[in-house]
Amino acid sequence: MNTAPYIHCGQSTALQMLDAAIALLPAAAGAVWFFGLRAAAMILLAVAAAAGTQFLWDRFTGRQELRTLTILVTGLLSALLLPARAALWAAPLGAFLAVSVKVLTGGIGQNWWNPAALGRAALLPLLCPLALKDCQGTFLMAYLDGAMGEASTLLLLVGAAYLAMRHLLPWAVALPYLCASFLTAAVLPHCDPLAVLCWGGTILGACFLSADPVTTPMGLTFRVLYGVFTGAVATVFSFYGWGMGGVVVATLAANTAFRAAETITARLQNTAELEQV
């Protein structure tokens, strides 16, 4: 039996993770194009650190999670969520923290939080991005003041289209996220909602971080509310606070709130069923 998550689409976990990694390749290639060999080094170091950390944890725990290829997605995102100006050690450190916390909280299929987002959040005190309101640049094509992964919205959209083609993009999360981001930006003073919608951080959050199959809620209602909550909170945090860091923090907050809500709901349903027996 394959390791969780159990997504009923006729694919193994390894194939789903491979597809997710392929979807991130356009953004990774864009990072190398815009930022040069430094970006390539950070990506390789992050993926290598994720693989090495998972290998060591597998040996210690007796699990076989390395073969699920989750380390490809974790490694790529751990690097792409960082700015190119970050020290080279930041990428492998973020990947190490991401994999370690995932393992310590139950392993793949059991972890509450998006691993890459958690690794990036741990580095926020050292690498705090600019607030979105203080940034300048063309978000759609080449925004170079933020994380490497948000440099080109167009390349992220190519990856999102691939996920959609492979039936791995949860529209019940992504569309409410995008709508909430736009509407929230529309009511914020001096905030351009179209610019926020075209910002790579919004696409990263809606189509990659919040679309994680493990930390995304299962029910349709929960998924829609999850997308709305994350999109709205991410926009406020990003505009006034931490840029891409705001997306990361909003994702983790949503992971926590909605996993807790699902757990409480399940327990209440079980209690009700026992009372009826």
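Begin by selecting F258, which in this predicted model is buried, with a relative accessible area of 10%. Next add F222, which is partly exposed at a relative accessible area of 23%. The ring centres of F222 and F258 lie 6.3 Å apart and their planes stand at 90°, so this pair is edge-to-face. Because F222 belongs to helix α10 (residues 220-242) and F258 to helix α11 (residues 244-276), the pair ties together parts that are 36 residues apart in sequence.

Keep F258 selected and add Y226, which is buried, with a relative accessible area of 0%. Y226 and F258 also form an edge-to-face aromatic pair, with 5.5 Å from centre to centre and 85° between the planes, and this pair links Y226 in helix α10 with F258 in helix α11, 32 residues apart. Adding F229 completes the view, since F222, Y226, F229 and F258 form one aromatic cluster.

Now move to helix α6 (residues 153-165) and α9, whose axes come within 9 Å and cross at roughly 15°, which makes α6 roughly parallel to α9; the crossing is left-handed. To display the contact, select T153, L156, L157, G159, A160 and L163 in α6 together with G200, I203, L204, C207 and F208 in α9. By class, this contact of α6 with α9 has eight nonpolar, three polar and no charged residues.

Finally, select helix α3 (residues 70-80), where ten of the eleven residues are buried, so the helix is largely enclosed by the rest of the structure. Among the buried residues of α3 are I71, V73, L76, L77 and L80, and to see what covers the buried residues, show elements including α1 (13-35), α2 (37-61), α4 (90-104), α5 (115-122) and α9 (200-209).

Technical notes. Residues are numbered from 1 along each chain as its sequence is written. This is a predicted model: local features need pLDDT of at least 70, side-chain atom pairs count only at pLDDT 80 or more; totals for chains, interfaces and linings use all residues. Side-chain values use heavy atoms; hydrogens and water are left out. Buried means under 20% relative accessible area, exposed over 50%, partly exposed in between (1.4 Å probe, protein chains only). Helices (H or I, at least four residues) and strands (E, at least two) are DSSP runs, numbered from the N terminus. Contact means heavy atoms within 4.5 Å. Axes are lines fitted to C-alpha atoms, for helices over the stretch in contact, and angles run from 0 to 180 degrees between N-to-C directions. Angles under 35 degrees count as roughly parallel, over 145 as roughly antiparallel, 65 to 115 as roughly perpendicular and the rest as oblique. A crossing is left-handed if the near helix is turned anticlockwise from the far one by less than a right angle, and right-handed if clockwise. Ala, Val, Leu, Ile, Met, Phe, Trp, Tyr, Cys and Pro count as nonpolar, Asp, Glu, Lys and Arg as charged, and the others, Gly among them, as polar. Rings of Phe, Tyr and Trp (its six-membered ring) pair if their centres lie within 6.5 Å; planes under 30 degrees apart count as stacked, over 60 as edge-to-face and the rest as tilted.
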